[in-house]
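Biologist: I am new to this model, so please take me closely through a single part of it, and explain each term when you first use it.

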Amino acid sequence: MNAHHSPIDLHCHSTFSDGTLPPEQVVAQAAARGITVLALTDHDTVAGLPAAAAAAQSAGIVLVPGVEISVTWNGASVHIVGLGIDPASPELSSGLAHIHEQRAERAREIARKLVKAGVTDADAWLTEQAPHNCTRMHFARFLTETGRAHSPGQAFKRFLSRGKSAYVSVVWASLADAVNWIVDAGGAAVVAHPGRYNFSAGRLRQLLEEFAALGGQAMEVNYGGCDRGQINQLCALAKRFKLAGSLGSDFHDPALPWTRFGQLLTLPDTIQPVWQQGPLARFVTQHASL
Ligand code: AMP
Ligand code: MN
Ligand code: MN
Ligand code: MN
């Protein structure tokens with residue numbers, strides 16, 4: 001990490017969703033690479049937060065409790081990150097519990113479709129080895145490890161992406177539900193990786209307008225792989241909707257070099273950082289060096 005790199009990273013995953021490291025190791029890697037404020041944001045679960053908080057305390061860094069909620073907006077999947085949430089919030093817990101049921105049901109349907117497509121051991125794998133919070137990435141790794149694809153990316157292309165033989169569509173939480181659960185839990189709602197939805201500029205503006213009107217507070221203006229030009233463009237877009245800026249690596253796996261901790265560029269001072277106001281300020285201002 002050098003002076004251009006941010007010591008703050010507000011988006012990453014552990015084995016409680018589709019990351020490959022347990023929370024303790026995620027925190028240890030982040031700390032070793034110079035991160036001093038880290039949010040763990042597993043897909044649709046807060047179950048990894050206690051272990052992450054304990055590890056952060058040992059490492060002397062700040063752990064911001066987070067979550068990444070799966071949303072269906074106008075037929076498309078959108079991810080909304082919640083930062084600084086109370087993991088015990090009843091509204092959030094019951095919302096996430098419903099998504100877990102949807103994930104479990106979808107996993108059974110994906111396995112059935114894979115069996116039909118000739119992956120005859122998919123059902124057995126799901127019964128014997130599938131994780132509690134099953135994502136498509138788990139199927140992608142199973143398909144890679146058993147030689148049905150060369151990489152998880154290829155497993156998505158061949159089987160798991162929309163339109164492919166084992167794709168199962170789900171209507172996840174609404175945008176309003178996700179924002180409300182996060183705000184009710186005392187957190188800040190953040191639109192994750194806005195450039196990864198393949199939306200037209202107009203559609204993205206519509207999402208941001210609705211999100212801001214619902215009480216959403218921020219947008220990621222820097223996520224894995226963004227350069228200065230992209231960050232500046234994203235900042236201009238966020239400001240148009242009076243959204244603060246957030247940043248996060250979306251780290252999943254140390255084998256993927258582009259998602260390493262400590263490689264995110266700092267935010268320009270033209271945007272209000274999400275951690276300097278609102279629900280996150282209490283976490284971050286505790287930290288003397290910031
Ligand atoms: P799910 O929420 O279960 O539908 O799984 C989505 C997760 O799979 C995302 O969070 C990514 O980590 C991963 N993913 C989605 N599409 C791809 C892709 N084309 N290549 C690799 N990983 C993907
Ligand atoms: Mn993921
Ligand atoms: Mn995401
Ligand atoms: Mn993510």
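Modeller: What follows is a close look at the sheet and what packs around it.

This is a predicted model, in which local features need pLDDT of at least 70 and side-chain atom pairs count only at pLDDT 80 or more, while totals for chains, interfaces and linings use all residues. Residues are numbered from 1 along each chain as its sequence is written, chains are lettered from A and ligands numbered from 1 in the order in which they are written, and side-chain values use heavy atoms, with hydrogens and water left out.

The sheet is open and has 7 strands in the order 1-2-3-4-5-6-7, with mixed pairing (strands are DSSP runs of E of at least two residues, helices runs of H or I of at least four, both numbered from the N terminus; two strands pair if DSSP finds at least two bridges between them). Its edges are strand 1 and strand 7 (244–248), each of which pairs on one side only.

Strand 3 (residues 62–73) and strand 4 (residues 76–83) run antiparallel and are joined by 8 bridges, with I69 standing opposite I80 of strand 4. Both I69 and I80 return in the largest nonpolar core, where, together with L10 and L38, they touch the most other members among 79 residues (such a core is a set of buried Ala, Val, Leu, Ile, Met, Phe, Trp, Tyr and Cys residues joined through side-chain atoms within 4.5 Å; buried means under 20% relative accessible area, with a 1.4 Å probe and protein chains only). Strand 3 gives this core its largest share, 7 residues.

Further along, strand 5 (188–191) and strand 6 (218–223) pair in the parallel sense over 2 bridges, and V191 stands opposite M219 in strand 6. Between these strands the chain passes through helix 8 (residues 201–213), in a β-α-β crossover that is right-handed (with the strands pointing away from the viewer, the path from the first strand over the helix to the second runs clockwise). Helix 8 lies across strand 3, strand 4, strand 5 and strand 6, running at about 175 degrees to strand 5 (contact means heavy atoms within 4.5 Å; axes are lines fitted to C-alpha atoms, for helices over the stretch in contact, and angles run from 0 to 180 degrees between N-to-C directions).

Strand 6 is mostly covered, with 6 of its 6 residues buried. Strand 6 also pairs with strand 7 in the parallel sense, over 5 bridges, and A218 has A244 as its bridge partner in strand 7. The chain goes from strand 6 to strand 7 through helix 9 (residues 228–240), and this crossover is again right-handed.

Conventions: Buried means under 20% relative accessible area, exposed over 50%, partly exposed in between (1.4 Å probe, protein chains only).
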